[in-house]
Amino acid sequence: MASETDTVSAGSNPATDAGNRPAARVVTRFAPSPTGFLHIGGARTALFNWLYARHHGGTYLLRIEDTDRARSTDAAIDAIFDGLNWLGLGGDEEPVMQFARSDRHAEVAHQLLAAGHAYRCYLTQEELAERRAKAQEERRPFRLDSEWRDATPDTWPADRGYVIRVKSPRDGQTVIDDAVQGTITVQNVEIDDFIILRSDGTPTYMLAVVVDDHDMGVTHVIRGDDHINNAFRQLVVIRAMDAIEGGWPDPVYGHIPLIHGADGAKLSKRHGALGVDAYRDDMGLLPEAVFNYLLRLGWGHGDEEIISREQAIEWFDIADVNKGASRFDLKKLLNLNGHYIREADDARLASLVAPRLAALVPAVDEAKLAKAMPVLKVRAADVNELAKGAVFLFAQRPLPLDEKAANLLTHDARAILAKVVARLADAPEWTPDALEATVKPMAEELGVGLGKIAQPLRAALTGQTTSPGIFDVLALLGKEEALARLQDHAAG
């Protein structure tokens with residue numbers, strides 16, 4: 001370990017840094033706190049970790065950082081796993097629950113204490129508050145200078161509680177060669193003697209993360225750039241433990257920028273949905289579309305917009321992630337989802353649409369719905385639109401008409417419907433092509449454009465003014481149902 005007065009760096013690649021240690025298998029991790037849903041930004045972090053591990057033939061792990069017992073919930077844990085599994089980002093091994101490892105974290109804190117890399121600090125909250133207030137009054141930054149840092153055991157008071165603080169270096173600087181941000185330097189005097197074990201004996205986040213990453217064999221820490229300052233503090237613990245027992249190498253850090261809204265501000269509720277579950281449940285998006293969109297938020301491969309999972313694994317490298325924040329564009333996401341809707345298997349789409357459609361109509365025939373998908377999905381941007389567009393298939397007579405459809409069914413239009421019904425009743429085949437061949441000549445016979453026939457047909461058959469092609473609608477409804485609907489609105 002370098003001395004406190006040396007310039008030291010983190011970020012050398014363990015897979016290539018053969019001069020210092022053997023080549024290591026790449027191990028990444030995603031470590032969310034279970035205090036709510038899986039945030040869309042967290043999902044992208046998980047994606048980048050998953051891809052980097054896959055690209056290098058490594059291992060991708062999950063850890064639930066549930067040490068905040070007051071805010072961590074089982075429901076949130078379930079929501080995180082549910083969102084990750086939906087995106088295909090489940091871990092390669094059973095997830096690690098951080099709170100269950102508290103004894104191990106405390107063990108490391110006491111190792112640091114025994115080796116002189118940490119100390120008992122008996123400063124009270126009142127004393128700390130006074131020192132912070134004095135620093136503020138003197139308009140200088142607060143830097144903890146605890147008199148207990150070098151105190152000997154014979155001076156420890158027996159009747160006072162204490163925390164364990166790490167001894168951060170006071171001289172020199174620490175340099176991180178970040179895989180995304182490049183070289184970052186911090187003067188060691190800026191790194192405080194932070195708490196690693198609270199007065200009740202519970203470990204802090206700063207200690208638990210380091211111990212868990214080491215014990216899980218994590219080689220690459222890829223996370224949001226709001227953790228950059230944490231990296232410098234966590235290196236203090238890593239290097240102290242490496243000095244004590246060896247085998248605690250610095251990880252490779254890759255701090256990815258946060259996601260901003262279209263207005264450049266940090267992504268928040270006012271920009272739209274934040275949780276992955278909302279994109280699936282409320283917005284009706286497909287996981288492959290969200291996967292593709294998150295992949296392109298801050299990373300790209302030339303001008304490619306549509307990128308398959310296999311291509312992403314082949315092309316992805318954390319070094320190609322942009323340093324600057326990316327902007328979330330909901331319109332682009334919806335356009336991308338429309339592409340994947342059109343590419344999706346019809347039976348799969350029907351299974352996704354059926355539960356939503358069941359809330360709109362009395363009964364749903366999933367086989368019939370799947371048969372209709374090729375014409376329904378052409379213009380749909382999401383599963384909700386598919387459900388709305390399929391309502392006409394299962395609506396019961398008498399068919400309700402929206403205002404625009406009702407306005408189309410004038411006296412003249414109803415007269416045209418009556419003639420169409422008579423002609424269709426004798427149609428030799430009930431296929432889109434055959435139906436078009438039957439109806440289209442009527443426009444010339446009646447001296448009107450085809451729209452004058454198609455518009456009232458659509459209104460009577462679907463109750464709306466928009467639908468798939470009118471001959472597809474006739475074919476999907478079937479002869480008996482289609483003629484009955486038209487007869488309901490034809491002039492007597």
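User: How many salt bridges does a search of the whole structure find?

Analyst: Happy to walk you through them. Side chains of opposite charge can pair when their charged atoms come close. In this predicted model, a search of the whole structure finds 28 salt bridges.

User: Which parts of the chain does the pair of aspartate 346 and lysine 377 link?

Analyst: The side chains of aspartate 346 and lysine 377 form a salt bridge, at 2.7 Å from N to O. This pair joins distant parts of the chain, 31 residues apart: aspartate 346 lies in helix α11 (residues 346-357), and lysine 377 sits in the loop between α12 (366-376) and α13 (383-394).

User: Is lysine 377 buried or exposed?

Analyst: Lysine 377 counts as buried because its relative accessibility is 10%, and buried means under 20%. Its partner, aspartate 346, is at 22%, so it counts as partly exposed.

User: What separates arginine 485 and glutamate 481 in helix α19?

Analyst: About one helical turn, because the two are four residues apart in helix α19 (residues 479-489). Their closest N and O atoms are 2.8 Å apart in a salt bridge. Arginine 485 is buried at 1% relative accessibility, while glutamate 481 is partly exposed at 27%.

User: And where do lysine 440 and glutamate 436 lie?

Analyst: Both are in helix α16 (residues 432-446), again four residues apart, or about one helical turn. Their salt bridge spans 3.6 Å, N to O. Lysine 440 is partly exposed at 44%, and glutamate 436 is partly exposed at 28%.

User: Which residues are linked in a network of salt bridges?

Analyst: The network links Arg29, Arg63, Glu65, Arg101, Arg104, Glu107, Asp212, Asp213 and Asp215.

How values were computed. Residues are numbered from 1 along each chain as its sequence is written. This is a predicted model: local features need pLDDT of at least 70, side-chain atom pairs count only at pLDDT 80 or more; totals for chains, interfaces and linings use all residues. Side-chain values use heavy atoms; hydrogens and water are left out. A salt bridge is a side-chain nitrogen of Lys or Arg within 4 Å of a carboxyl oxygen of Asp or Glu. Buried means under 20% relative accessible area, exposed over 50%, partly exposed in between (1.4 Å probe, protein chains only).
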